[in-house]
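Trainee: I would like to learn how to read a protein model step by step. Could we go through one together?

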Protein chains: 2
Amino acid sequence: MRLNTNYGKLVDSYLFSAVSKKVESFRQSHPEADIISLGIGDVTLPLAKAVTSAMHNAVDELSGAATFKGYSPEAGYDFLRDAAQGYYALKGVDLDLCEIFISDGAKSDCGNILDIFGANNNVLIPNPVYPVYVDTNIMRGTNVRYSNGGVNNNFLPVPRDTDSSGAVDIIYLCSPNNPTGAVYDRLQLKQWVDYAIANQAIILFDAAYEAFVSDDNLPSSIYQIDGAKECAIEFCSFSKTAGFTGVRCGYTVVPQSLNFDGISVNKLWGRRQSTKFNGVSYITQKGAAAALSPEGLKQIKDNLRYYKNNASLIANTLTRLGVWYTGGTHSPYIWLKCPNNMKSWDFFDLLLQKTNVVGTPGEGFGANGEGFFRLTAFGNHENVAKAMQRIERMLS
Amino acid sequence: MRLNTNYGKLVDSYLFSAVSKKVESFRQSHPEADIISLGIGDVTLPLAKAVTSAMHNAVDELSGAATFKGYSPEAGYDFLRDAAQGYYALKGVDLDLCEIFISDGAKSDCGNILDIFGANNNVLIPNPVYPVYVDTNIMRGTNVRYSNGGVNNNFLPVPRDTDSSGAVDIIYLCSPNNPTGAVYDRLQLKQWVDYAIANQAIILFDAAYEAFVSDDNLPSSIYQIDGAKECAIEFCSFSKTAGFTGVRCGYTVVPQSLNFDGISVNKLWGRRQSTKFNGVSYITQKGAAAALSPEGLKQIKDNLRYYKNNASLIANTLTRLGVWYTGGTHSPYIWLKCPNNMKSWDFFDLLLQKTNVVGTPGEGFGANGEGFFRLTAFGNHENVAKAMQRIERMLS
């Protein structure tokens, strides 16, 4: 029996466990310290009432003989695909129901999508970025190159910022970005769409943070860019939109006009999902549909506003201090340049010791993250305010 | 961009859509017919009270600020892994918590497990069987051979029943079997374990129907066989046990003692899941744990008894009629030889026309299923009784 030898090429990530260990050790030596974490990448506010009410109803349906539901359609119930279609219509994007595949989350789909592509593709991944893109490609055995983010391009690499020339087949984009919080504008995304079409490449667009975009001039879907339906798949999530990190629901859009060698990518993904996946919990799907109802959208926006207030507070503090950063406006993430050219982990130690505030060293998101640092807006507002006062005192 | 060309080798299955079309056409030409389906592969009874009560509580927790839960551990909450560990202890099987991986269902895991193995393995799959095994292997590009089921071995192939000699790396087993309902005894499973160890092969044991086994002398887990922890992965499901087909929860057991080339398969699967999966809904996990509680197990057994009564009724009718069959005792499936050496689809047509009863042609589960027919016990009891009276009248 032969194992997949690509797994041996994975580099273990110790980012979050190293953070935990350092915090725990500090806590033991400073039991009196009021430690505040701005490193949380997870939502903290409870589910919206519209959502939990729909979920209670769904549980009741499953407990009644006449209303019980068995297997769901693998690509999701039409009531949820309808709701997602309506959500896209609000962005001016027309989708056919068969282009929307409901799943247990964007992370699963981001990894599983590689099943339908050959292992011999050349893949372009931003650096720094969410580590799952690189790890899943290593597992698949593709050839990975990087598009380089940095201060020069505000961590929004465009085609000219790639490592070297040569064939590109699969292009990952994440906007609003994790970890940098940076958001592509229409012209930048148009460059990527044109580049993908010219190279007969496919764009995998991670839109998990789209709900944080509150400027209609900024794209919150790649399908707002001409030509994208001929070259892009988009991953969407209820995790950050509706607080579903622990509930698990997302959806992936695969346009019918996306074809390679005369083969429909939509049909391939449908075949993958109907063979290796069996749909999402009815309860979850009912909750997700309620999140996209008019009442649900209103309630969800209250939660998003809470997180965005935190982000503003962090961003405004950094602006006053003259610290370089991206994000903080259309994103829950703030990505700052460590003061005095410090390295990521040195700044982590300094911040923990001097202010008892915990963040995430940027180096953990890729080599280009060295010297940068991620703060997140998912915490309690009073704690964020306290943390900012301490950071302002330290850096003034 | 290169697609995964293996997808082009998949054969489209028209089994269930062909069944639906024939039934619909019959219904239109016979609007008065009282059609009864014994083709359902899905549960029909509502969730147990213990389960829905736990789910309501979990929804309430997610709606409160102090009790909200975000990301779950990728391999599941310990409370559910504990419950699964306790369920195995009832079978006399000791598992470590880290050997239990909670997932969104056995179907996902059965397909995804191939990620951690090389594409150059030789795979042995029973014929006939659940079509997902073959399709996921075609997608992965492995070399598939068959172990042949038939009347001679009661559709329980052992190592000598394989297509031809040659290296075998991965061996699929499903017991109680879908579609045949046949259950391996200890001696037969021991043959497979010995064969796997002798060939340095791995067994993928699908135990989705284990809860239907009610004879302690029959194995309901491969780990009841000596040596299995050195060669087998087991897939478990709440779908048929607790009626979770629409709720989605399963778990996969990967023993720590399962190693190839000095590499821990448990660690590889853990890495796969933490990279490409993000855990199961908290609500679902709470419901699943309640299903394995003493109260939940009692309630679930009531549902299983209902289905098993249906199965007995079908089996007893066939016995009286002298029709050859497997299953019906420790399984919701009954697999019968079509009378008068009829072909599967011919018997389907005859049964529909003469009795208005719908079943599933065995040919759809593999070439060796030709001439056989599957009936299922998931229907309403009164309808099953009516269907059996009609079949008895037809075949007497």
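Mentor: We will take the two chains together, then one strand and its neighbours, and then some details of the backbone, bearing in mind throughout that this is a predicted model.

Trainee: How should I describe the way in which chain A is placed relative to chain B, and what rotation superposes chain A on chain B?

Mentor: The general idea is that two copies of a chain are related by a rotation about an axis and a shift along it. Here, chain A is brought onto chain B by a rotation of 180° with 0.0 Å of shift along the axis, and the RMSD is 0.0 Å. That is the relation of a two-fold axis. The same surface serves both copies, since 100% of the contact residues of chain A recur in chain B.

Trainee: Which residue of chain A comes closest to the rotation axis?

Mentor: That residue is A:His56, whose C-alpha lies 3.1 Å from the axis.

Trainee: Now I would like to look at a single strand; is strand 5 of chain A largely enclosed or left open, and why?

Mentor: To judge this, count the other C-beta atoms within 10 Å of a residue's own, and call the residue buried if there are 20 or more. In strand 5 of chain A, which covers residues 170–174, 5 of the 5 residues are buried, so the strand is largely enclosed by the rest of the structure. Both of its faces are covered, with A:Ile170, A:Tyr172 and A:Cys174 buried on one side and A:Ile171 and A:Leu173 buried on the other.

Trainee: Which strands pair with strand 5 of chain A, and in what sense?

Mentor: Strand 3 of chain A, residues 122–127, pairs with strand 5 in the parallel sense over 2 bridges, and in this pairing A:Val123 has A:Ile170 as its bridge partner. Strand 6 of chain A, residues 202–206, also pairs with strand 5 in the parallel sense, over 5 bridges, and there A:Tyr172 is partnered by A:Leu204. Follow the chain with your eye as well, and you will find that strand 5, helix 6 (residues 186–198) and strand 6 of chain A make a right-handed β-α-β unit.

Trainee: What should I look for in the backbone of the loop between strand 5 and helix 6 of chain A?

Mentor: As a general guide, most residues other than glycine have a negative phi, and most peptide bonds are trans. In this loop, which holds A:Pro176, the peptide bond from A:Ser175 to A:Pro176 is cis, with omega near -10°. A:Pro179 lies in the loop between strand 5 and helix 6 too, and a cis peptide bond with omega of about 20° joins A:Asn178 to A:Pro179.

Trainee: And what is the phi of A:Asn341?

Mentor: A:Asn341 has a phi near 55°, which is positive although the residue is not a glycine. A:Asn341 sits in the loop between strand 12 and helix 10 of chain A, where it is exposed, with 9 other C-beta atoms within 10 Å. In chain B, B:Asn341 likewise has a positive phi of about 55°.

Trainee: Which residues does A:Leu45 touch, leaving aside those up to four places away in sequence?

Mentor: They are A:Gly243, A:Asn303 and A:Tyr306. A:Leu45 and A:Tyr306 are 261 residues apart in sequence, yet their C-alpha atoms are 9.0 Å apart in space. A:Leu45 itself lies in the loop between strand 1 and helix 2 of chain A, and is partly exposed, with 17 other C-beta atoms within 10 Å.

Methods. Residues are numbered from 1 along each chain as its sequence is written. Chains are lettered from A and ligands numbered from 1 in the order in which they are written. This is a predicted model: local features need pLDDT of at least 70, side-chain atom pairs count only at pLDDT 80 or more; totals for chains, interfaces and linings use all residues. Copies are superposed by least squares on the C-alpha atoms of residues with pLDDT of at least 70 in both. Two residues are in contact if their C-beta atoms, placed from the backbone, lie within 7 Å. A residue is buried if 20 or more other C-beta atoms lie within 10 Å of its own, exposed if 12 or fewer, and partly exposed in between; C-beta atoms are placed from the backbone. Helices (H or I, at least four residues) and strands (E, at least two) are DSSP runs, numbered from the N terminus. Two strands pair if DSSP finds at least two bridges between them. A crossover is right-handed if, with the strands pointing away from the viewer, the path from the first strand over the helix to the second runs clockwise.
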